[in-house]
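Subject: Structure handover

Hello,

I am passing the structure on to you, with notes on what was found in it. Please keep it open while you read.

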Amino acid sequence: MGTRKVLVTGCSSGIGLAVAVRLAKDEAKRFKVVATMRDLEKRGPLEKAAGDALNKTLAIQKLDVCCEESIKACINSLPDRQVDVLVSNAGIGMIGPLECQSITAIKELFDVNLFGLVRLVKEVLPDMKQRQSGHIVVMSSVMGLQGLLFNDVYSASKFAVEGFCESLAVQAMKFHIKTTLVEPGPVITEFERKVYEDAENIDLSETDEETARIFRDIYLPYSKMVFTTLGQTPEEVAEQTHKVITAKEPPLRHQTNRLYMPMTALKHADPTGRLPLEAFYKMIFKHDRVFKATLGVLRMLHRRGGNK
Ligand SMILES: NC(=O)c1ccc[n+]([C@@H]2O[C@H](COP(=O)([O-])OP(=O)(O)OC[C@H]3O[C@@H](n4cnc5c(N)ncnc54)[C@H](OP(=O)(O)O)[C@@H]3O)[C@@H](O)[C@H]2O)c1
């Protein structure tokens, strides 16, 4: 196979940046990467991380996933509009009680996380079908498999992404196009900083006192603990994404964090949904000490390199 042309979205920071750089620095030079971002003023960290690969195996272009014209302009500028691997990564988060979120903000989140992906796929799929080859790689989340307290809207957007890809994958297969959902657990990026910053400023007067207390005093400290205990680096996720893209038979789903797998496995263990529901409820509201002890054990496993 010759050099594959890769387009990655959301490369100003985090996972997108790390994936673009990892592929551009592929040892066998198998990729030419178009690393895109909506605001080119933010290109500094990517340029620095790309180093020697910049303008050789990595080019930077503007692309806003919320704007069809921007997507078209970027793809039309590529030789033969060729995108062999699309990495749809751009995404935003949201945490907090539903009553405190505006419908406008919820729609904005779906516009990036779901419709951004839909717009991209609509643009690249016809060309991939014509070429009878391609790989659509989507940065989903474990929250696209298992909902989590106070992540209702974000989780809904990732479930939508999962349903969209799972349906599309069958048709794509007929045209020899592969589809992969990469499903990270917590990853230490700007994403985490932004959602916690929003959480600090959220107007909790829109909800009742009990919900506000659960969010502030239980959810936030637990969630931060989970990030520090189980959190992967964007480079770890990029390494695994590279493996998935270079695999002969890429999987439809790939969870990047082994330590998070027991949580998602609960769902498949009980089709009635009771098991994960009760497990999460007990973990959060009843067994504070068990929860902390479990995190302690996981932290130990993580340090021993179990999180590969
Ligand atoms: N961090 C986690 O814990 C985690 C876990 C599971 C899955 N994920 C998923 O991983 C993906 C990357 O997140 P991350 O953790 O790397 O967060 P991040 O560092 O905040 O990066 C998100 C990227 O998306 C870009 N973006 C937002 N809106 C965009 C738009 N309209 N058009 C183009 N780009 C846009 C951001 O650009 P700006 O700089 O311009 O805002 C940024 O480059 C997301 O899909 C996220 O849902 C993250």
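**Helix 7**

In helix 7, the buried residues are F215, Y219, S223, T229 and L230. The model is a predicted one, and that holds for everything below.

Helix 7 runs over residues 209-230, and its 22 residues, at 1.5 Å a residue, should span 32 Å; the C-alpha atoms at its ends are 30 Å apart, so the two figures agree. The helix has a kink of about 35 degrees at Y219, shortly before the proline P221. Y219 is also one of the buried residues of this helix.

**Ligand shell**

Which residues come nearest to the ligand? They are G10, G14, A90, G91 and F191, out of 31 residues around the ligand. Helix 1 (14-24), helix 4 (103-131) and helix 6 (190-201) are the elements that give two or more residues to this shell. Helix 6 gives the most, with 4 residues. By residue class, the shell divides into 13 nonpolar, 11 polar and 7 charged.

**Annotated positions**

Two positions carry UniProt annotations from an unreviewed entry, and both annotations should be read as the record's own.

- Y154 is listed by UniProt, in an unreviewed entry, under "active site". Y154 sits in helix 5 (residues 152-174). Y154 has 24 C-beta neighbours inside 10 Å, and the cut-off for buried is 20 or more, so Y154 counts as buried. Leaving out residues up to four places away in sequence, Y154 touches G93, M94, L109 and M143.
- S141 is covered by the UniProt annotation "binding site", again from an unreviewed entry. S141 belongs to the loop between strand 5 and helix 5. Its count is 28 C-beta neighbours inside 10 Å, and therefore S141 is classed as buried. Beyond residues up to four places away in sequence, S141 touches K158, E183 and P184.

**Two residues with positive phi**

Q132 and F150 are worth a look in your viewer.

Phi of Q132 is near 60 degrees, a positive value in a residue that is not glycine. Q132 lies in the loop between helix 4 and strand 5 (134-139). Is Q132 buried or exposed? Q132 is exposed, because 10 other C-beta atoms lie within 10 Å.

F150 is not a glycine either, and its phi is positive at about 65 degrees. F150 is in the loop between strand 5 and helix 5, the loop that also holds S141. With 21 other C-beta atoms within 10 Å, F150 is buried.

**P97 and its contacts**

F150 appears again among the contacts of P97. P97 lies in the loop between strand 4 (85-88) and helix 4. P97 has 19 C-beta neighbours inside 10 Å; a residue needs 20 or more to be buried and 12 or fewer to be exposed, so P97 counts as partly exposed. Apart from neighbours within four places in sequence, P97 is in contact with F150, T207, T211 and F215. Of these contacts, F215 is one of the buried residues in helix 7. P97 and I214 are 117 residues apart in sequence, and their C-alpha atoms are 9.6 Å apart in space.

**Two positions in helix 4**

L120 lies in helix 4. L120 has 25 other C-beta atoms within 10 Å and is therefore buried. Not counting residues up to four places away in sequence, L120 touches T9, V65, I71, L86 and S88. L120 and V8 are 112 residues apart along the chain, with 11 Å between their C-alpha atoms.

I106 also lies in helix 4. What is the burial class of I106? I106 is partly exposed, because 17 other C-beta atoms lie within 10 Å. I106 touches Q101 and V153, with residues up to four places away in sequence left out. I106 and S157 are 51 residues apart in sequence and 9.5 Å apart in space, C-alpha to C-alpha.

Regards

Notes: Residues numbered from 1 in each chain as written. Predicted model: local features only at pLDDT ≥ 70, side-chain atom pairs only at ≥ 80, totals over all residues. Near = placed C-beta within 6 Å. Nonpolar A, V, L, I, M, F, W, Y, C, P; charged D, E, K, R; others polar. UniProt positions renumbered as here; feature names shortened; annotations may be inferred. Contact = placed C-beta atoms within 7 Å. Expected span 1.5 Å × (residues − 1). Bend = angle between axes of the 7 residues up to and from the residue.
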